[in-house]
Amino acid sequence: MGRIQVLDDQLVNRIAAGEVVERPASVVKELLENSLDASARRIEITVGSGGRQLIRVADDGEGMDRDDALLALERHATSKLGSGRDLEGIATLGFRGEALPSIAAVSRFLLRTAPGDGRGTEIDVRGGRIQAVREIGAPRGTSVEAASLFFNVPARRKFLKSQATELAHITRLVTRYALVRPDLRLRLDHDGKNLVDLPVASDRGERIEQIHGPEFRRKVLPFEATRDGLALRGFAGRPVDTSPRRDAQHLFVNGRLVQDRVLAHAITEAYGNTVPRDRFPAVFLFVEIDPRQVDVNVHPQKNEVRFARAGEVHDAVRDALAGALAHEAAVPTYGQLRPSWEGTAPVARAALRYLEVREGAAEPSRVPVAPASLLEGAEGEAAERPRAVPLAQYRDSYIIAQDDEGLLLVDQHAAHERVLFERYLAAAEENRVEVQRLLFPVTLDLPPHERVVLEEEAAELARLGFCVDPFGGSSVRIDGVPALASDLDPGGLLRELLGEAARTRAAAAGIEQLRRRLVTTAACQAAIKIHHPLNAESMQGLLDDLFRASNPTTCPHGRPVLFRFTLEEIERTFRRR
Ligand code: ADP
Ligand code: MG
């Protein structure tokens, strides 16, 4: 007697719903994608009680006739994959024919649709069973309503988060789709209140402004790049504007919202050491790629993709972003640096800061300090005129300077760190780090775990200018250190780097990342500290070096280096404007 049976359709649909319909936002996503695939220009989304009570998506797209409407509710029924064709080269957002039957299986479901010939169809489904099919009069378009989500799946219903959380997911999803398609009119209402109402925008920049405001738009840097079969467009947030969460990054592949490790990694690389480790710059990335070069059928909710040539896509994205950031040597203004959640009294704040600065501005100190022994290859003389001129040093820590656009306040440690970091890294990459031989070699006892790291990373440490030899037992001998660190305690520095190397490798980092981390650590140690008097000449030297750096705005840990009070800000503060 066979024990194995074929499951009936309703059960199968509920099982599929378990994967496809995770939460109310997944319903919104599937319905929204269907509307987009139907070439809708206008989409209205209505949600009740965070989506538990009601989700309705109405569009003005192609609509369906009665036969298609009935078929659409069948499992694996789709208009998007014809017979004979296969899964390669999918240009639509949907393709599996799973969403409608899955949603209908776990809700009180109402489909109203009309192809534009005046003859509409309404289908009433409850928990996957068709209750009624009616003919209605309706204009072209489709409205799909899923009420009482998971009413027949109590386990899933229990796992829904608070209304506010579910609503936040829905809102984020809707605004993200709004970004990819500025030509859409899009509206979202919740419990009778309007949350999103976006008219058609002329382009994505304008869309970003509609959603995030004009100030935000001014801060992001547009980029665009094409390579064969690949077009990249988007906006890169400045390194000084980061958020603790990755969801500031919006990734789209052929109009599909995705999470993707390859793209995320490329972004991380492009920003390199300009942002702190656990913070994320805002990025809007729109990838257009030949559909045959990307597999979209890898995730139940179609949130992930696989690129046929992932390496190429990765490098193209990294280079496009890095290009946008390189052009961005713009110094942030005080207003831009100030985190936006700090309230909105920039004028008063700027005024206070400015006074503080003025009062603290003592006579430039007379103690001369040459910023450490820089590596060889310090570039030739600066252009005729320095980009910024120091006025004074505040509290032996901050350089007050002026340039054509305003008054600068520079963190001397962060600035020097940035300068040393870039030079040291460039020298290491070209294998030309200047080594300072020690007159008196230093011997150092290392515990076994540090010796292991030393042996494993010997080549990289040598490249970075460390001459280290075993010296019997647990001892090693240091004969030479990188010249930029010649003032530091060689043993202390080496152990610091070994610790950093162990942590970096533990995070499965490759050699480039390791090098950057080690260079960051060494630069931090070697850079002049705060509470350190500088004379005018050293300050000028440091500013010149800083403005020659490829990214003067943040230190290698990602903290800000300097900001500017623009003349305009100053004049506004004094009500001269
Ligand atoms: P898929 O999107 O993978 O094809 P769905 O279950 O989401 O599967 O939808 C099944 C079919 O129903 C679609 O292929 C499409 O033909 C039709 N359909 C769904 N939603 C709409 C809509 N809003 N407007 C027009 N047709 C739709
Ligand atoms: Mg679909």
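Asn 303 sits in the loop that runs between strand 16 (294–295) and strand 17 (306–307), and it is a good place to begin a tour of this predicted model. Its relative accessibility is 14%, so Asn 303 counts as buried, the cut-off being under 20%. From there, the points below move to the whole chain, its nonpolar core, the ligand and a few individual residues.

**Around Asn 303**

- Leaving aside neighbours within four places in sequence, Asn 303 is in contact with Lys 29, Leu 257, Val 258 and Gln 259.
- With one of these residues, Lys 29, there is a polar contact from side chain to side chain, at 3.5 Å.

**The chain as a whole**

- The protein chain has 577 residues, and 49% of them count as buried.
- Its secondary structure comprises 19 helices and 24 strands.
- Take the contacts between residues at least 6 apart in sequence: 71% of these join residues at least 24 apart.
- About 28,100 Å² of the protein chain is exposed, and carbon and sulfur atoms supply 50% of that area.

**The largest nonpolar core**

- In soluble globular proteins, nonpolar side chains tend to be buried together.
- Here, the largest nonpolar core holds 53 residues.
- The residues with the most contacts inside this core are Val 21, Val 27, Leu 31, Ile 43, Ile 45, Phe 109 and Leu 186.
- Helix 6 (residues 163–180) gives the core its largest share, seven residues.
- For a closer look, pick Leu 186: not counting residues up to four places away in sequence, it touches Leu 32, Ile 43, Ile 45, Val 174, Ala 178, Val 196, Asp 197 and Leu 198.

**The surroundings of ligand 1**

- There are 20 residues around ligand 1, and those that come nearest are Asn 34, Thr 78, Ser 79, Lys 80 and Gly 97.
- By class, the shell divides into eight nonpolar, eight polar and four charged residues.
- The side chain of Lys 80 places an N or O atom 2.7 Å from an oxygen atom of ligand 1.
- Gly 97 takes part through its backbone, with an N or O atom 2.8 Å from an oxygen atom of the ligand.
- A polar backbone atom of Ala 99 is 3.2 Å from an oxygen atom of ligand 1.
- Taken alone, ligand 1 would expose 530 Å², and the protein buries 92% of that area.
- Two elements, helix 2 (24–37) and helix 4 (99–105), give two or more residues to the shell.
- The largest share, three residues, comes from helix 4.

**Two residues with positive phi**

- Ser 148 has a phi near 50 degrees, a positive value in a residue other than glycine.
- You can find Ser 148 in the loop between strand 6 (141–147) and helix 5 (154–158).
- With a relative accessibility of 19%, Ser 148 counts as buried, because the limit is under 20%.
- Asn 431 also has a positive phi, near 55 degrees, and is a residue other than glycine.
- Its loop lies between helix 13 (412–429) and strand 21 (435–445).

**A pair far apart in sequence**

- Gln 513 belongs to helix 17 (residues 511–526).
- Gln 513 counts as partly exposed, because its relative accessibility is 36%, and that class falls between the 20% and 50% limits.
- Gln 513 and Asn 273 are 240 residues apart in sequence, while their C-alpha atoms are 9.4 Å apart in space.

How values were computed: Residues are numbered from 1 along each chain as its sequence is written. Chains are lettered from A and ligands numbered from 1 in the order in which they are written. This is a predicted model: local features need pLDDT of at least 70, side-chain atom pairs count only at pLDDT 80 or more; totals for chains, interfaces and linings use all residues. Side-chain values use heavy atoms; hydrogens and water are left out. A nonpolar core is a set of buried Ala, Val, Leu, Ile, Met, Phe, Trp, Tyr and Cys residues joined through side-chain atoms within 4.5 Å. Buried means under 20% relative accessible area, exposed over 50%, partly exposed in between (1.4 Å probe, protein chains only). Helices (H or I, at least four residues) and strands (E, at least two) are DSSP runs, numbered from the N terminus. Contact means heavy atoms within 4.5 Å. A residue is near a molecule or strand if one of its heavy atoms lies within 4 Å of it. A polar contact is a pair of N or O atoms within 3.5 Å; within protein, one must be able to donate a hydrogen and the other to accept it, and residues adjacent in sequence count only if both atoms are side-chain atoms. Accessible areas come from the Shrake-Rupley method with a 1.4 Å probe; for residues, only the protein chains shown count as cover. Ala, Val, Leu, Ile, Met, Phe, Trp, Tyr, Cys and Pro count as nonpolar, Asp, Glu, Lys and Arg as charged, and the others, Gly among them, as polar.
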